[in-house]
Amino acid sequence: MNAARTDDAGRAGHVVVIGAGIAGLAAAHRLLGRGARVTVLEASGRVGGKLLPGEIAGVRVDLGAESLLARRPEGVGLARETGLADRLEPPATATASIWTRGALRPLPKGHVMGVPGTAAALSGVLSDEGVRRIERDADLPRTEIGDDVAVGEYVARRLGREVVDRLVEPLLGGVYAGDAYRLSMRSAVPQLFEAARAHASLTEAVREIQRRAAEAPAGAGAGPVFLGIRGGVGALPLAVADAVRAAGGEIVTRAPVTELRRQPSGGWRVTAAGRVLGADAVVVAVPAPAAAGLLRAEAPAAAAELAAVEYASMALITLAYRSIDARLPEGSGFLVPPVDGRTIKASTFASRKWGWIADQDPDLTVLRTSVGRYGETEILGRDDAGLVDVSRRDLAAAVGLDAAPVETRVTRWDAGLPQYPVGHHARVARIREHLGRLPGLAVCGAAYDGVGIPACIASAHAAADQLGGDLRAVRELTAHPVQSLHGGAGE
């Protein structure tokens, strides 16, 4: 991997960042802080990618991601750096349920991504036979993991399929819209992967994670697992974009990049919307298929790897009700295991979870559902009215909500979530190895080291550091992806 050229003052030269999602904006922000001249090119008409602020029935809401994993520093740190410190706030309630076996049941605590430290933690969610199956884990011989293994496959071998189908699957699906029996444990749940390699018993591995969390120095890992932003997480990319512009960076929207080529004299030529830019370095911060197209001419091997990254599509259905008509159970919402045959995979009681939503209009209750998992196509082929109808039907069955909403909004994220199958970490390493032969080129985003906001920002910072010749962060991320998921040891 090579550093970008620098100008006569010793500062980084002109860097073009392709993509103005949170990863591209975070990369631009870091590069500007190190003296680079930065141009950000975005194909769409707005910044922010999957962080999307919106409105329903006169109330501001998030129409994309709604929270930051607070036990990683990157997302919270960037929010503070860009003037949002006083708007960070925890959920009003962190108590959730799981809709399974015909009833809403409390989401068990004391697990790591749905994997329990003791069988008793899942009593009620699992059948008696499922609980007894977990208890056999301590007596089973070691299950070899090797270089990687599917989360569902490994957990099912140790604890039985019921744990996977009724708890691990809905938790994973809430983040990746993926299939637990395909998703890489090394990339999707790295904390659990490392612990499982060190212990023959999976439940003992989970208890070890919990012990380490309990023995951590005072304050380490303390506080809420997640944080939101008053007014919506969609405010974060807008604040970062403002900071980029204030620092002298240029952000150009409706400027799809059509060609990326190396210059014979060094540096890069970037063609976008009829405009040709010269750059000393380039950060490619777009989804894997788009990155593959841009890199095909100069890095065909990396492009082929990127083209093989699969994505899942999903949709969020936001519904607003008169509060008098929406008598919801306690908690922030519920998850739905696919094995139960329902259409929605989760519902968030947004007005209950986020005080800033409830404060805007106490007479209005906002909630949302999500649909769509890897490999599912039929449900997402329905029109918006059809998605609202299936959401209302499942909500009526789950919580008895049969009133008519006063307004609905459907937000579709087609090919929105990259999938991390077994071997994903090796693919990322190969991509970076291929690109490392090209001076002044780096990649970042959800396709590489984790899909959550902190993971994307960490990826962006590593890309910016790489262009300055510091490879420590990119090597660390390649070896140890960022856990993006629910289910920390303290939950």
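The exercises below work through a predicted model, each with a stepwise solution.

Residues are numbered from 1 along each chain as its sequence is written. Local features need pLDDT of at least 70, side-chain atom pairs count only at pLDDT 80 or more, and totals for chains, interfaces and linings use all residues, while side-chain values rest on heavy atoms, with hydrogens and water left out.

**Exercise 1. Confidence**

Task: find the mean pLDDT of the protein, and state where pLDDT stays under 50.

Solution. Start with the scale: pLDDT is the predictor's confidence in each residue, from 0 to 100. The mean for the protein is 92, and 95% of its residues reach 70 or more. Next, look at the weak stretches. Over residues 4-11 pLDDT stays under 50, and the model has 16 contacts (heavy atoms within 4.5 Å) beyond four places in sequence for them. Residues 486-491 also stay under 50, with 19 such contacts. Where pLDDT is low, the predicted coordinates should not be read in detail.

**Exercise 2. The largest nonpolar core**

Task: identify the residues with the most contacts inside the largest nonpolar core, and the element that gives the most to it.

Solution. Fix the terms before counting. A nonpolar core is a set of buried Ala, Val, Leu, Ile, Met, Phe, Trp, Tyr and Cys residues joined through side-chain atoms within 4.5 Å. Buried means under 20% relative accessible area, exposed over 50%, and partly exposed in between (1.4 Å probe, protein chains only). Helices (H or I, at least four residues) and strands (E, at least two) are DSSP runs, numbered from the N terminus.

The largest core has 44 residues, and L31, L236 and V283 have the most contacts inside it. Among the elements that give two or more residues are β1 (14-18), α1 (22-33), α9 (235-246) and α16 (453-467). The top contributor is α1, with 8 residues.

Now take L236 by itself: not counting residues up to four places away in sequence, L236 touches I22, L68, L78, A79, T82, L84, I229 and I453. Two of these partners, L78 and A79, are buried residues of α2, as are E74, G75 and V76. The cover over the buried residues of α2 includes α1, β5 (68-69), β6 (88-89), β11, α9 and α16. Just after α2, G83 takes a positive phi of about 90°.

**Exercise 3. The sheet of 5 strands**

Task: give the strand order of the open sheet of 5 strands, and say which strands stand at the edges.

Solution. Pairing requires at least two bridges found by DSSP between two strands. The order is β12-β2-β1-β16-β22, with parallel pairing. At the edges are β12 (250-252) and β22 (441-443); each has a single partner strand, so one side of each lacks a neighbour in the sheet. On average, neighbouring strands are turned by 15° against each other, direction ignored.

Inside the sheet, 4 bridges hold β1 and β16 in the parallel sense, and V16 stands opposite V282 in β16. Helix α16 packs on the sheet and touches β1, β16 and β22; its direction makes about 170° with that of β22. For such angles, axes are lines fitted to C-alpha atoms, for helices over the stretch in contact, and values run from 0 to 180 degrees between N-to-C directions.

**Exercise 4. Strand β7**

Task: which way do the residues of β7 point, and which strands are joined to β7?

Solution. From β7 (residues 97-100), S97 and W99 point one way and I98 and T100 the other; all are buried. Next, list the partners. Strand β8 (residues 103-106) runs antiparallel to β7 and is joined by 4 bridges, with A103 as the bridge partner of T100. The hairpin of β7 and β8 has 2 residues between the strands, and R101 there takes a positive phi near 55°. Strand β18 (residues 333-335) runs parallel to β7, over 2 bridges, and its F334 stands opposite S97.

**Exercise 5. Two salt bridges**

Task: for E208 with R211 and R427 with E305, give the closest N and O distance and the burial.

Solution. A salt bridge is a side-chain nitrogen of Lys or Arg within 4 Å of a carboxyl oxygen of Asp or Glu; the structure holds 32. For E208 and R211 the closest N and O atoms are 2.8 Å apart. Being 3 residues apart in helix α8 (residues 202-215), the two are separated by about one helical turn. E208 counts as buried at 18% relative accessibility, whereas R211 is partly exposed at 34%. Both belong to a salt-bridge network with E204, R207 and R212.

For R427 and E305 the distance is 3.2 Å. R427 lies in helix α15 (residues 424-435) and E305 in helix α11 (residues 300-307), so the pair ties together parts 122 residues apart in sequence. Both residues are buried.
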